[in-house]
Amino acid sequence: MSNELEIEKIKNSKEDVKLNVKVIANAKKKSIEFQEDGSVKLKVIQIASDGRANKEIIEFLCKIFDRPKNKISIIRGELSSHKVILIEKI
């Protein structure tokens with residue numbers, strides 16, 4: 001399934017969505033890529049230090065999924081590159 005279809009599916013979801021995310025910090029550009037196994041590869045520019053990458057992850061996902069910051073949270077893996085991210089319904 002394409003990234004655009006997955007993004008629209010999450011945007012229009014009537015339920016909370018949990019994403020299993022592999023984060024690649026210190027990338028040249030931000031990107032999101034949905035994998036065939038249902039996980040997500042997320043690249044962010046910030047380094048994984050002092051919560052900078054986590055902050056960028058939340059801001060990036062807010063923009064992609066058109067949600068306010070209080071509707072997206074890292075529920076597991078704050079200090080890991082493997083995270084579970086909750087996107088709450090609106």
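What follows is an exchange about a predicted model, in which local features need pLDDT of at least 70, side-chain atom pairs count only at pLDDT 80 or more, and totals for chains, interfaces and linings use all residues. Residues are numbered from 1 along each chain as its sequence is written, and side-chain values use heavy atoms, with hydrogens and water left out.

Biologist: In what order do the helices and strands of the protein run from the N terminus?

Modeller: Helices (H or I, at least four residues) and strands (E, at least two) are taken here as DSSP runs, numbered from the N terminus. On that basis the protein has two helices and five strands. Read from the N terminus on, the elements run α-β-β-β-α-β-β.

Biologist: What is the radius of gyration of the protein, set against the globule rule for 90 residues?

Modeller: The radius is taken over C-alpha atoms, and the globule rule is 2.2 Å times the number of residues to the power 0.38. The C-alpha atoms fill a box of roughly 35 × 25 × 20 Å along the principal axes. For 90 residues the rule gives 12 Å, and the protein comes close to this, so it is as compact as a globular protein of that length, with a radius of gyration of 12 Å.

Biologist: Which side chain of opposite charge is nearest to Lys83, and how far away is it?

Modeller: Lys83 is found in strand β5, residues 82-87, and it is buried, a term that means under 20% relative accessible area, with exposed over 50% and partly exposed in between (1.4 Å probe, protein chains only). Lys and Arg count as positive and Asp and Glu as negative, while His and the chain ends are not counted. Lys83 has no salt bridge, which would need a side-chain nitrogen of Lys or Arg within 4 Å of a carboxyl oxygen of Asp or Glu. The nearest side chain of opposite charge is Glu78, at 6.9 Å.

Biologist: Which residue has its backbone oxygen 2.7 Å from a polar atom of the Lys83 side chain?

Modeller: Leaving aside neighbours within four places in sequence, Lys83 is in contact (heavy atoms within 4.5 Å) with residues including Leu19, Val21, Asn54, Ile57, Gly77 and Glu78. The backbone oxygen that lies 2.7 Å from a polar atom of the Lys83 side chain belongs to Gly77.

Biologist: Which salt bridge links distant parts of the chain?

Modeller: The structure holds three salt bridges. Glu8 pairs with Lys11, the closest N and O atoms being 3.7 Å apart, and because these residues are three apart in helix α1 they are separated by about one helical turn. Asp50 pairs with Arg52 at 3.8 Å between the closest N and O atoms. In the remaining pair, whose closest N and O atoms are 3.5 Å apart, one partner sits in helix α2 and the other in the loop between α2 and β4, 10 residues apart, and that pair is Glu59 and Lys69.

Biologist: What is the phi of Asn26, and what is that of Asp66?

Modeller: Most residues other than glycine have a negative phi. Asn26, in the loop between β1 (17-24) and β2 (31-34), counts as exposed at 55% relative accessibility, and Asp66, in the loop between α2 (52-65) and β4 (72-76), counts as exposed at 57%. Both residues have a positive phi although neither is a glycine, the value being about 65° for Asn26 and near 55° for Asp66.

Conventions: Polar contact = N/O pair within 3.5 Å; in protein donor to acceptor, adjacent residues only side chain to side chain.
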